[in-house]
Amino acid sequence: MPTSRPSKKSTFSFFRFPLDDPDRLDQWLLNIRRNKWTPKVCSRLCSEHFESHHFSTDSWGRRCLKNTAVPTIFYFNKGKEQQPRRKSRDA
């Protein structure tokens, strides 16, 4: 069963949205392209959406997200408005 919690062997980490930093939160929301969605305290974003220079290591050896990090790695599907129109049968 899929879970949002990383396993001990996982290379993925999950990070909270910067709810206490309105400017950076706006950048995150713009980049993730989720219209009409507001993150909650429990909302997380996977480490795969951040470039390697956005991480540091704490004194316990854990990978941490820098307080300036903004997610930039996304693979979006083309929306319906971007897909080519089908030719009508009348044409």
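A salt bridge is a side-chain nitrogen of Lys or Arg within 4 Å of a carboxyl oxygen of Asp or Glu. Arg 24 and Asp 21 fit that description, with their closest N and O atoms 3.6 Å apart. Keep in mind as you look around that this is a predicted model. The chain has one helix and four strands, and the briefing below walks through its confidence, its rings and its charges.

**How far to trust the model**

- Averaged over the chain, pLDDT is 81, and 75% of the residues score at least 70.
- Among the helix and strands, confidence is highest in helix α1 (residues 22–32), with a mean of 95.
- Strand β4 (residues 63–65) has the lowest mean of these elements, at 91.
- Residues 80–91 are another story: pLDDT stays under 50 there.
- For that stretch, the model has one contact beyond four places in sequence.
- Where pLDDT is low, the predicted coordinates should not be read in detail.

**The overall layout**

- Starting at the N terminus, the elements come in the order β-α-β-β-β.
- Of the 91 residues in the chain, 23% are buried.
- Taking contacts with a separation of 6 or more, 50% are between residues 24 or more positions apart.
- The accessible surface of the chain is about 8400 Å², and carbon and sulfur atoms account for 49% of that area.

**Salt bridges**

- How many salt bridges are counted in this model? The count is two.
- In the pair you met at the start, Arg 24 is buried because its relative accessibility is 13%, under the 20% cut-off.
- Its partner Asp 21 is partly exposed, with a relative accessible area of 27%.
- Asp 58 and Arg 62 form a salt bridge as well, and their closest N and O atoms are 2.8 Å apart.
- Arg 62 counts as partly exposed, at 47% relative accessibility.

**Aromatic rings**

- The count of aromatic pairs comes to seven.
- One of them joins Phe 17 and Trp 37: the ring centres are 5.4 Å apart and the planes meet at 65°, so the pair is edge-to-face.
- This pair links distant parts of the chain, since Phe 17 is in the loop between β1 and α1, while Trp 37 is in the loop between α1 and β2 (44–46), 20 residues apart.
- Is Phe 17 buried or exposed? Phe 17 counts as buried, at 7% relative accessibility.
- Trp 37, with a relative accessible area of 26%, is partly exposed.
- Phe 50 and Phe 55 make another edge-to-face pair, 6.2 Å from centre to centre and with 80° between the planes.
- Both partners are buried: Phe 50 has a relative accessible area of 4%, and Phe 55 has one of 13%.
- Which residues do ring pairs link into a cluster? They are Phe 15, Phe 17, Trp 28, Trp 37, Phe 50 and Phe 55.

**Charges over rings**

- Two residues of the cluster, Trp 37 and Phe 55, turn up again here.
- Arg 34 lies over the face of Trp 37, at 4.6 Å from the ring centre.
- Over the ring of Phe 55 sits the charged end of Arg 63, 4.3 Å from the centre.

**Two residues to explore: Leu 29 and Ser 13**

- Leu 29 is part of helix α1, and it is partly exposed, with a relative accessible area of 22%.
- Not counting residues up to four places away in sequence, Leu 29 touches Phe 17, Arg 34, Trp 37 and Pro 39.
- Those contacts include both rings of the edge-to-face pair Phe 17 and Trp 37, as well as Arg 34, which lies over the face of Trp 37.
- From C-alpha to C-alpha, Leu 29 and Phe 17 are 9.1 Å apart in space, and they are 12 residues apart in sequence.
- Ser 13 is in the segment before β1 (14–16).
- Why does Ser 13 count as buried? Its relative accessibility is 18%, and buried means under 20%, so Ser 13 falls in that class.
- Leaving aside neighbours within four places in sequence, Ser 13 is in contact with Leu 45, Cys 46, Ser 47 and Arg 63.
- Arg 63 therefore appears twice in this briefing: it is in contact with Ser 13, and its charged end sits over the ring of Phe 55.

Methods
Residues are numbered from 1 along each chain as its sequence is written. Side-chain values use heavy atoms; hydrogens and water are left out. pLDDT is the predictor's confidence in each residue, from 0 to 100. Contact means heavy atoms within 4.5 Å. Buried means under 20% relative accessible area, exposed over 50%, partly exposed in between (1.4 Å probe, protein chains only). Rings of Phe, Tyr and Trp (its six-membered ring) pair if their centres lie within 6.5 Å; planes under 30 degrees apart count as stacked, over 60 as edge-to-face and the rest as tilted. A charge sits over a ring if NZ of Lys or CZ of Arg is within 6 Å of the ring centre and within 35 degrees of the ring normal. Accessible areas come from the Shrake-Rupley method with a 1.4 Å probe; for residues, only the protein chains shown count as cover.
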